[in-house]
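Here is a friendly walk through one protein chain. Have the sequence and the 3D view open as you read.

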Amino acid sequence: MGRAKISLIGGGQIGGVLAQLCALRELGDVVLFDIVENMPQGKMLDIAEVARVDQFDVDLKGTNSYADIAGSDIVIVTAGLPRKPGMSRDDLLGVNAKIMKQVSEGIKEYAPDSFVIIISNPLDAMVTLCQKVTGFPPERIIGQAGVLDSNRFCSFIAWELGVSVRDVNAMVLGGHGDTMVPIVRYANVNGIPVMEQLVRKYGEAKAKEVMDAMVQRTKMAGGEVVKLLGNGSAFYSPASSAIAMAEAILRDQKRVLPCCALLKGEFGVDNYYVGVPCVLGAGGIEKIIEFELDAEEQAMFDNSVAAVKGLIDELPSILPDMADVLNS
Ligand code: TXD
């Protein structure tokens with residue numbers, strides 16, 4: 001059996017880390033595409049030249065030609081601008097929608113059978129656009145946000161309780177914006193409810209305050225990193241998160257991961273891409289796992305979906321030549 005082929009569209013900060021992780025884990029041969037001349041070739045040469053030290057046998061190629069992504073099993077897209085301090089993800093819509101349209105046309109033409117994992121922001125709108133342009137079945141177009149947002153929430157809980165993050169389970173649903181929905185009720189440490197532990201530690205009132213602060217920090221966690229970096233946004237963590245998704249698909253792991261997926265009535269939402277728990281395996285999004293949200297969670301989820309809808313409604317004016325497809 002031949003090796004898998006993974007193409008990375010966008011060779012910037014996240015693209016470079018993605019390439020290195022693919023190589024270290026020997027996920028398959030890797031193509032790194034960017035419109036900047038020579039840069040992706042330089043990055044791939046740099047990674048390839050340490051293959052003996054890192055002990056991997058995969059082919060790495062940098063390119064400025066879409067023809068090189070032909071035959072890809074998975075395409076991961078990071079093309080687009082990152083935010084600057086003070087910007088919201090939504091401020092990137094105008095510029096990144098035009099980039100995503102171009103990228104999606106390239107994928108449609110050269111890698112029509114691939115699974116596509118989108119990372120570019122504003123995430124939910126970019127995933128929607130890619131699906132509309134390519135016309136690929138929705139189970140093959142997936143957005144990465146929830147794996148990272150959930151991991152951030154888990155980290156804050158682990159730090160607060162002084163336990164290993166490996167034993168923390170907590171999920172963030174909804175759109176990848178300031179309205180995202182950390183699910184507090186089911187957050188647990190090896191099955192033990194986090195809220196109960198906080199109440200034992202602090203008493204009712206303070207426990208709620210501590211949890212509220214962790215929820216708030218989770219929602220703003222991307223911006224916290226943007227502010228500290230001063231130039232660009234998080235790149236190690238989104239790369240690792242997307243690799244977990246790619247690996248689940250390539251190795252048919254049936255992992256249950258929060259992904260940006262097209263809802264067809266699940267959670268009361270019809271025909272919008274937002275973050276929900278999914279089973280990821282060889283068929284891409286093999287299943288969306290629905291569960292009961294309480295009234296407060298559902299209201300926050302609906303609010304988050306409304307924010308995503310607001311962005312989708314702006315797309316036809318940004319891409320007037322695509323208005324028909326976007327409104328379909
Ligand atoms: O969790 C998440 N989903 C995210 C998403 C977490 C953090 C950052 N996230 C977003 O990923 C971020 O807001 C950006 O929209 C993307 C990429 O972030 P990155 O930090 O990698 O940005 P860079 O370093 O600027 O890299 C972007 C590359 C750069 O090399 C450009 O030359 C290239 O994109 N680019 C293009 N590639 C292909 N085709 C076109 N048209 C194009 N335009 C720019």
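How many Å separate the centres of domain 1 and domain 2, taken over C-alpha atoms? The answer is 21 Å, and it comes from a predicted model.

## Two domains and their contact

Let us begin with the overall layout. The protein chain is divided into domain 1, residues 5–145, and domain 2, residues 146–328. Where these two domains meet, the contact takes 45 residues from domain 1 and 55 residues from domain 2.

## The nonpolar cores

Now look inside. The largest nonpolar core has 88 residues, and Ile76, Val77 and Phe301 are those with the most contacts inside it. Both domains take part in this core: domain 1 (5–145) and domain 2 (146–328) each give at least three residues. A second core, separate from the largest one, has 19 residues, including Cys154, Val189, Met211 and Met214.

Ile76 is a good residue to centre your view on. Leaving aside residues up to four places away in sequence, Ile76 touches Ile6, Ser7, Leu8, Ile9 and Leu18. Its contacts also include Ile117, Ile119, Ala242 and Ala246.

## A cavity lined by both domains

How many cavities of 30 Å³ or more does the structure hold? There is 1, and the volume of the largest cavity is about 60 Å³. Its lining is made up of 14 residues, of which Ala145, Gly146, Asp149, Gly174 and Gly275 lie nearest the centre of the cavity. By character, the lining residues divide into 7 nonpolar, 5 polar and 2 charged.

Which helices and strands each supply at least two residues of this lining? They are helix H5 (123–134), helix H6 (146–161), strand E7 (168–173) and strand E10 (255–264). The lining, too, draws on both domains, with at least three residues from each of domain 1 (5–145) and domain 2 (146–328).

## Ser304 in helix H11

One more residue deserves a stop. Ser304 sits in helix H11, which runs over residues 295–318. Is Ser304 buried or exposed? Ser304 counts as buried because its relative accessible area is 0%, while the cut-off for buried is under 20%.

To see what surrounds Ser304, set aside residues up to four places away in sequence: Ser304 then touches Gly174, Gly175, Thr179, Met180 and Val181. Gly174 in that list may look familiar: Gly174 is also one of the lining residues that lie nearest the centre of the largest cavity.

Methods:
Residues numbered from 1 in each chain as written. Predicted model: local features only at pLDDT ≥ 70, side-chain atom pairs only at ≥ 80, totals over all residues. Heavy atoms only, no water. Core = buried A, V, L, I, M, F, W, Y, C linked by side-chain atoms within 4.5 Å. Buried < 20%, exposed > 50% of the residue type's maximum accessible area, 1.4 Å probe, protein only. Domains from an automatic or database assignment. Contact = heavy atoms within 4.5 Å. 1 Å grid on protein atoms, 1.4 Å probe; cavity = no way out; pocket = protein on both sides within 12 Å on 5 of 7 lines; lining within 4 Å. Points joined across faces, edges and corners; volume = space filled by probe spheres on them. Helix = DSSP H or I, 4+ residues; strand = E, 2+ residues; numbered from the N terminus. Nonpolar A, V, L, I, M, F, W, Y, C, P; charged D, E, K, R; others polar.
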